[in-house]
Amino acid sequence: MDFGKKKILPNGWKLAEIQDLSLLEEMEKIVFERSAWARFSIQSHLEHHFAWLKEGVGYLFYVDLGDSLELLRIGILPSKRKSGEGETILRTLCEFSSKVLLEVSSRNPPALNLYHKLGFKELGIRKSYYGPGEDAILMEWAKTD
Ligand SMILES: CC(C)(COP(=O)(O)OP(=O)(O)OC[C@H]1O[C@@H](n2cnc3c(N)ncnc32)[C@H](O)[C@@H]1OP(=O)(O)O)[C@@H](O)C(=O)NCCC(=O)NCCS
């Protein structure tokens with residue numbers, strides 16, 4: 001992804017680097033608790049994909065698939081939620097591509113609401129993917145102009 005041709009990230013957000021591994025690991029544990037990614041997974045994503053970070057606020061991980069981006073993770077620290085940070089950074093991600101894909105649990109209303117608010121559409125469902133009765137919902141955002 002060519003950051004040179006695109007707009008800069010919102011105030012306080014930056015492209016994460018390997019030096020941010022411990023900070024991301026700490027935030028991931030706070031946000032996702034028992035389902036947090038292990039340190040080696042975060043390291044692997046930092047080495048092979050992309051992460052954006054706002055220290056003390058939140059982060060996201062995504063993969064650049066060429067014609068689209070796939071959001072892997074978005075996390076805002078509990079004390080910073082409901083202040084527009086998640087929406088702001090996800091809107092920015094959408095500005096970097098004509099298509100964004102993601103997968104979300106059917107039992108995650110905050111995330112589902114956020115994605116619907118930004119215009120993501122449901123593409124399909126993987127029944128009980130995360131456990132009994134907890135489906136994975138595949139969603140896509142596509143640029144309209
Ligand atoms: C989902 C998450 C990223 C939202 O971040 P946030 O910064 O709190 O969200 P925002 O303040 O930008 O809210 C934007 C919209 O999201 C929805 N939303 C956010 N929090 C919500 C909540 N607690 N309940 C219902 N809807 C919610 C609303 O539609 C909201 O728009 P509104 O303020 O006009 O109602 C955050 O709750 C989070 O980190 N959750 C834990 C991690 C997670 O589940 N990540 C997604 C799966 S990887």
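Let's start at one end of the sheet: strand 6 and strand 7 pair in the antiparallel sense over 6 bridges. Here, strands (E, at least two residues) and helices (H or I, at least four residues) are DSSP runs, numbered from the N terminus, and two strands pair if DSSP finds at least two bridges between them. One of the bridges links Gly-124 to its partner Leu-138 in strand 7. The two strands form a hairpin with 2 residues between them, and Gly-133 in the turn has a positive phi of about 75 degrees.

Before going on, a word on what you're looking at. This is a predicted model, so local features need pLDDT of at least 70 and side-chain atom pairs count only at pLDDT 80 or more, while totals for chains, interfaces and linings use all residues. Residues are numbered from 1 along each chain as its sequence is written.

Now back to the sheet. Strand 7 also pairs with strand 5, running antiparallel to it over 7 bridges, and one bridge there connects Val-100 with Trp-141 of strand 7. On to strand 4: it pairs with strand 5 in the parallel sense over 2 bridges, with Glu-70 and Leu-101 of strand 5 as bridge partners. Put together, you get an open sheet of 7 strands in the order 1-2-3-4-5-7-6, with mixed pairing. Strand 1 (14-15) and strand 6 (121-131) stand at the edges with a single partner strand each, so one side of each has no neighbour in the sheet. What holds such strands together? Strands of a sheet pair through backbone hydrogen bonds, either parallel or antiparallel.

Let's zoom out to the whole protein chain. Besides the 7 strands, there are 4 helices, and from the N terminus on the elements run β-α-α-β-β-β-α-β-α-β-β. The C-alpha atoms fill a box of roughly 40 × 40 × 30 Å along the principal axes. The radius of gyration, taken over C-alpha atoms, is compared with a globule rule of 2.2 Å times the number of residues to the power 0.38. For 145 residues, a compact globule would have a value near 15 Å, and the protein chain agrees, with 15 Å. Two residues are in contact if their C-beta atoms, placed from the backbone, lie within 7 Å. Among contacts between residues at least 6 apart in sequence, 54% join residues at least 24 apart.

So what's inside? A residue is buried if 20 or more other C-beta atoms lie within 10 Å of its own, exposed if 12 or fewer, and partly exposed in between, with C-beta atoms placed from the backbone. By that rule, 22% of the 145 residues are buried. A nonpolar core is a set of buried Ala, Val, Leu, Ile, Met, Phe, Trp, Tyr and Cys residues joined through C-beta atoms within 7 Å. In the largest one, with 25 residues, those touching the most other members are Leu-24, Ala-51, Tyr-59, Leu-60, Leu-71 and Leu-93. Strand 3 gives the largest share of this core, 4 residues.

Take Tyr-59, which lies in strand 3. Tyr-59 is buried because 24 other C-beta atoms lie within 10 Å. Leaving out residues up to four places away in sequence, Tyr-59 touches several residues, including Leu-24, Ala-51 and Gly-75. Leu-93, with the same neighbours left out, touches Leu-60, Tyr-62, Leu-69, Leu-71 and Val-100.

Is Thr-92, in helix 3, buried or partly exposed? Thr-92 counts as partly exposed, because it has 17 C-beta neighbours inside 10 Å. Thr-92 touches Leu-9 and Pro-10, and its C-alpha atom is 9.0 Å from that of Ile-8, 84 residues apart along the chain.

Lastly, the ligand. A residue is near it if its C-beta atom, placed from the backbone, lies within 6 Å. In all, 20 residues surround the ligand, the closest being Arg-81, Gly-86, Glu-87, Pro-110 and Leu-114. Strand 4 (69-76), helix 3 (85-95) and helix 4 (109-117) each give two or more residues to this shell, and helix 4 gives the most, with 6 residues.
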